[in-house]
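Please look over the overall fold of the molecule shown here, together with its surface and its pocket. The report below is meant to be read alongside the sequence and the coordinates.

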Amino acid sequence: MDGMILTHIIGWGLGLLLFFFALVLYSEKKVKKATIPHMILRLDYLLILYTGFVLLWRYFDESGSSFTVQAVIKGIAGLIVIVCMEMVLVKMKKEKSAKAWWIIFFIALVITLLLGFGILPMGFLP
């Protein structure tokens with residue numbers, strides 16, 4: 001596994017950890033304390049987007065790659081996951097319902113994980 005893939009996976013792991021940490025703080029009505037992991041998460045989005053773009057570019061760079069469409073779908077699903085994470089946190093901060101965003105989040109997350117780890121050749125599951 002090369003460094004860019006590892007950085008991307010670490011970025012996503014850190015992002016999900018910060019997301020759930022901020023989520024718990026928002027649900028406990030600790031808005032000021034939740035702002036810190038929320039802002040760090042927004043910085044982590046930049047790392048995730050950069051490494052994801054570089055990995056996606058590798059599929060375009062390979063001439064005749066049969067996985068380009070799946071890589072684009074994974075990229076779009078990953079963007080949707082990021083948007084959903086942000087919208088869920090904003091809705092929690094404003095104390096509004098985020099049910100629809102949660103549903104979209106879990107669907108997009110499953111698609112992203114299946115494509116990233118299982119189907120695409122840069123993944124490591126059989």
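What follows describes the fold, then the surface and charges, and then the largest pocket.

The model is a predicted one, and its protein chain holds 4 helices and 0 strands, so that the order of elements from the N terminus reads α-α-α-α. The C-alpha trace of this chain extends over about 50 × 25 × 20 Å along its principal axes. Among the contacts in the chain with a separation of 6 or more, 69% are between residues 24 or more positions apart. Of the 126 residues in the protein chain, 35% are buried.

The accessible surface of the protein chain amounts to about 7600 Å², and carbon and sulfur atoms contribute 75% of that area. As for charge, the chain carries 12 positive and 7 negative side chains, with a distance of 15 Å between the centres of the two sets.

Where does the largest pocket draw its lining from? The pocket has a volume of about 600 Å³, and each of the helices in the table gives two or more residues to its lining.

| Helix | Residue range |
|---|---|
| H1 | residues 3-27 |
| H2 | residues 31-61 |
| H3 | residues 68-93 |
| H4 | residues 99-119 |

Among these helices, H3 gives the most to the lining, with 8 residues. The lining comprises 30 residues, and those nearest the centre of the pocket are His8, Trp12, Gly52, Leu55 and Lys74.

Methods:
Residues numbered from 1 in each chain as written. Predicted model: local features only at pLDDT ≥ 70, side-chain atom pairs only at ≥ 80, totals over all residues. Heavy atoms only, no water. Buried < 20%, exposed > 50% of the residue type's maximum accessible area, 1.4 Å probe, protein only. Contact = heavy atoms within 4.5 Å. Areas by Shrake-Rupley, 256 points an atom, 1.4 Å probe, with all protein chains shown as cover. Lys, Arg positive; Asp, Glu negative; His and termini not counted. Charge placed at Lys NZ, Arg CZ, Asp CG, Glu CD. 1 Å grid on protein atoms, 1.4 Å probe; cavity = no way out; pocket = protein on both sides within 12 Å on 5 of 7 lines; lining within 4 Å. Points joined across faces, edges and corners; volume = space filled by probe spheres on them.
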